[in-house]
Amino acid sequence: MENTKGERNSFTGSIGFVFAAAGSAVGLGNIWRFPYFAAKDGGGLFLVIYLILALTFGFTLLATEIAIGRKTKESPLTAYKKLNKKWAFLGVFSFVIPLIIYPYYCVLGGWVTKYMVTYITWHGADAVNPDYFNAFTKNIWQPILFTAIYAAASFYIVFRGVEKGIEKFSKILMPILVVIIVFISIYTLTIKTTDSNGVTRTGIQGLSYYIIPSLKGITVKKFLSVCLDAMGQLFYSLSIAMGIMIAFGSYMKKDVSIVKSVNRIALFDTLIAFFAGLMIIPAVYVFKGEGGMTRGASLMFVSLPEIFNSLGAFGNFIGIIFFVMVLFAALTSSVSILEAIVSSMIDKFKWSRKKASVIMAAFTFVISVIVCLGFNVFYFEANLPGVTKGQLLDVLDYISNNILMPVTSLLTCILVGWVCKTQMMVDEIALNGEKFRRRGLYVVMVKYIAPVLLFILLLTSFGVFG
């Protein structure tokens, strides 16, 4: 909550900041999107490229946004104006992006909540039916109910404020998340099955499929495609261009090292993504073979229930653990998205946290209901690059993730690298005399490499390379 003396909220220390920021980075994208791309793009090849980009591209953009937040002590909506008045419009972009994302993210969180309840009530076998997921999304009232339950939990945490809400819950949820992911990851390596053709597949074979680079049929075009997939995944995974890291940076104390914090966030996010792949890919390989890797989002909502069901009563127990874990991951991310919006309202309109939260709750309810109805009452099919039969949720996701996010980061690099000059951010990052060993890399990335990569990503989003 606001400090009555007008002082800005802050995280109590580096651990609280890292947990909260890492909680934002780790979300539904890590649970199914990372494993899907890793499987599709040659396993180990994708992992190596992703790691290189995390150390360069990801580090640069993440450090820049946190530094902007800490230097200005402002939320996304007002921070850019403080750097340069002519670039205040970038703050609007950073505010609009999470404003678009949050309502449909709550819908996704409602889906996860539904599956968690299904397994907790010991009806996991019902989820195996291929029509179970479609029947749920096409129902008018159930998705709205579970979305409301999920959104209420997010609003409660943000309403509590930074230290009492976000930091406290992140410190509790993130360690639990790590334990559950590691547990299931280890378990998947022990499973095996023999199909109707007498072929036996093991979790260890699935591990090999996941981590050993596959160069079979690789071409220059295919290699570039893998690079773009890895960059896109990293871009979304680290919560870049959503205003989240600027908001969190504004709560960061001056004596906390940005370099160390960014390194920890990137490491934590990468490890969680890797273990998410280790948790899902070997299991899908065992029960579905290589063909099961192409099911995308349904790896979580369709394929995994089939896997859990094959394990009997113990499978239902594993299902409970898994969807509780996914709910934690989704919740920490949605809380961060909501905080970026609420903090902007507080700074821009001088509202109390209570007023901003209530107004956002009303807005979220209306838009979330419309998104839920997009699968039934308002159903339509949109043609989007890389998406077949896109619904309303897909349209919102495409506008925010594929267009506005790359544009915002591209313009941020231009602002920092060419208008304000990189020295301003370098001084903030190296505050208190701390060592900034990747200073040269940072400058080159911000001014030259990152803008080019982001421009290519934007062109890909428009289907230029499709």
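These are my notebook entries on a few things I looked up in this predicted model.

**Entry 1: the whole chain**

I started with the overall make-up. The protein chain has 18 helices and four strands. I then checked burial: of its 466 residues, 58% are buried. Next I looked up the accessible surface, which comes to about 18,700 Å². Carbon and sulfur atoms account for 67% of that surface. Last for this entry, I looked at contacts between residues at least 6 apart in sequence, and 81% of these join residues at least 24 apart.

**Entry 2: helix 5 and helix 14**

For a helix pair, I wanted two things, since packed helices are described by the angle between their axes and the distance between the axes. I picked helix 5, residues 89-120, and helix 14, residues 313-349. Their axes come within 9 Å and cross at roughly 160 degrees. An angle over 145 degrees counts as roughly antiparallel, so helix 5 runs roughly antiparallel to helix 14. I noted the handedness too: helix 5 passes helix 14 in a left-handed crossing. What sort of residues make up the contact of helix 5 with helix 14? I get 22 nonpolar and eight polar ones, with no charged residue in the contact.

**Entry 3: positive phi at K73 and A241**

I went on to the backbone angles, keeping in mind that most residues other than glycine have a negative phi. K73 is not a glycine, yet its phi is positive, about 55 degrees. I found K73 in the loop between helix 3 (44-72) and helix 4 (76-83). Is K73 buried or exposed? Neither quite: K73 counts as partly exposed because its relative accessibility is 29%, and the partly exposed class lies between 20% and 50%.

A241 also went on my list, with a positive phi of about 75 degrees although it is no glycine either. A241 sits in the loop between helix 10 (220-237) and helix 11 (244-250). Its relative accessibility is 1%, so I put A241 down as buried.

**Entry 4: E306**

I finished with a glutamate. Where does E306 lie? I located E306 in helix 13, which covers residues 298-309. At 17% relative accessibility, E306 counts as buried, because the cut-off for buried is under 20%. I also looked up how E306 stands to V284: the two are 22 residues apart in sequence. In space, E306 and V284 are 9.4 Å apart, C-alpha to C-alpha.

Definitions and conventions
Residues numbered from 1 in each chain as written. Predicted model: local features only at pLDDT ≥ 70, side-chain atom pairs only at ≥ 80, totals over all residues. Heavy atoms only, no water. Axes fitted to C-alpha atoms, helices over the stretch in contact; angles between N-to-C directions. Helix = DSSP H or I, 4+ residues; strand = E, 2+ residues; numbered from the N terminus. Parallel < 35°, antiparallel > 145°, perpendicular 65-115°, else oblique. Left-handed = near helix turned anticlockwise from the far one by under 90°. Nonpolar A, V, L, I, M, F, W, Y, C, P; charged D, E, K, R; others polar. Buried < 20%, exposed > 50% of the residue type's maximum accessible area, 1.4 Å probe, protein only. Contact = heavy atoms within 4.5 Å. Areas by Shrake-Rupley, 256 points an atom, 1.4 Å probe, with all protein chains shown as cover.
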